[in-house]
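Reader: I am in my first year and still learning to read structures, so could you take me slowly through a single part of this one?

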Amino acid sequence: MLDRGVMLPSSFQAARALATTRVLEPPDLADVLEILHRDPVANAFVATRVESVGLDPWRLGGELWGWYDEDGVLDALCYAGANLVLVNAGAEAVAAFAERARRQGRRCSSIVGPAGPTSAFWALLERSWGPAREVRAHQPLLATRAPSAEIAPDPLVRRVRRYEVEALMPACVAMFTEEVGVSPLAGDGGLLYQARVAELVSTGRSFARFGGDGQVVFKAEIGAVTEGACQIQGVWVAPEHRGQGLSETGMAAVLDIALREVAPVVSLYVNDFNLRARAAYRRVGFCEVGAFMSVLF
């Protein structure tokens, strides 16, 4: 029997932490969905993947780790793919996931998730995974069940058609580069990013207003869709058209379609320093319901 007053070796503590986590498999699906559905808004990114393809790592695009409490009950998740995302993670789960991540080594391009757990997770990993290219410690998470009557939807915003993908791509690249700070065309030449843009168009989740010259004036995508909520991403207005209120009327149009046709709750998250965007989203009808944090590599 161990003396409770004796400090355990770090190797023993690490082994114990890993023992409380494991890679989840298809038979775990029902338990995973129960956790994801506890907070459809915060968990939209992971839930849309799991609901679409299940838990097979190849189809999921990464592993889904599970953390088990002292009673052996699955109570927290960590999606480990191109992004690393914590779900329902308390202090013990954060520590266990951080130990597994440290041992595996960094394979993701970002850590994204609820601000509190993500901050604690990064504090445990920064020494071995850092430095980060950028840390965005507070990104308000917004949601709404109803559009504001204050802003009329832009009637020229519509779903992008499949033959318009090529015309849409420059706007998508510009948005990504402005938001993330690197081009999505780096590395593989943009093959994966182009495939993602094409997928959103083909599934009817990409929206835009095109000008008379065929160039994109406004665009946005519904990037995550679950049974309980969807998430708008990639909002962008061409620089020469900014300051004209197009982000508000464009978002109102996408929000109207999303609430009528996609999900009962629509969400998005925004950088806290983007005061103009935050004000526009409030006018369209969004309210702050939480906060995310992003660590970019």
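Reader: Which residues in H9 meet which residues in H10?

Author: Before the details, please note that this is a predicted model, in which local features need pLDDT (the predictor's confidence in each residue, from 0 to 100) of at least 70, side-chain atom pairs count only at pLDDT 80 or more, and totals for chains, interfaces and linings use all residues. Residues are numbered from 1 along each chain as its sequence is written, and side-chain values use heavy atoms, with hydrogens and water left out.

From H9, Ser-247, Glu-248, Met-251, Ala-252 and Leu-255 meet Ala-280, Tyr-281, Arg-283 and Val-284 of H10, where contact means heavy atoms within 4.5 Å. The residues of this contact divide into six nonpolar, one polar and two charged, with Ala, Val, Leu, Ile, Met, Phe, Trp, Tyr, Cys and Pro counting as nonpolar, Asp, Glu, Lys and Arg as charged, and the others, Gly among them, as polar.

Helix H9 covers residues 246-261 and helix H10 residues 275-284, and the two pack at an angle of about 45° with their axes 9 Å apart. Helices (H or I, at least four residues) and strands (E, at least two) are DSSP runs, numbered from the N terminus, while axes are lines fitted to C-alpha atoms, for helices over the stretch in contact, and angles run from 0 to 180 degrees between N-to-C directions. That angle makes H9 oblique to H10, since angles under 35 degrees count as roughly parallel, over 145 as roughly antiparallel, 65 to 115 as roughly perpendicular and the rest as oblique.

H9 also lies across strands E6 (134-144), E7, E8 (206-210), E9 (216-225), E10 (230-237) and E11 (266-269), running at about 35° to E9. As for confidence, the mean pLDDT of the chain is 93, and 94% of its residues reach 70 or more.
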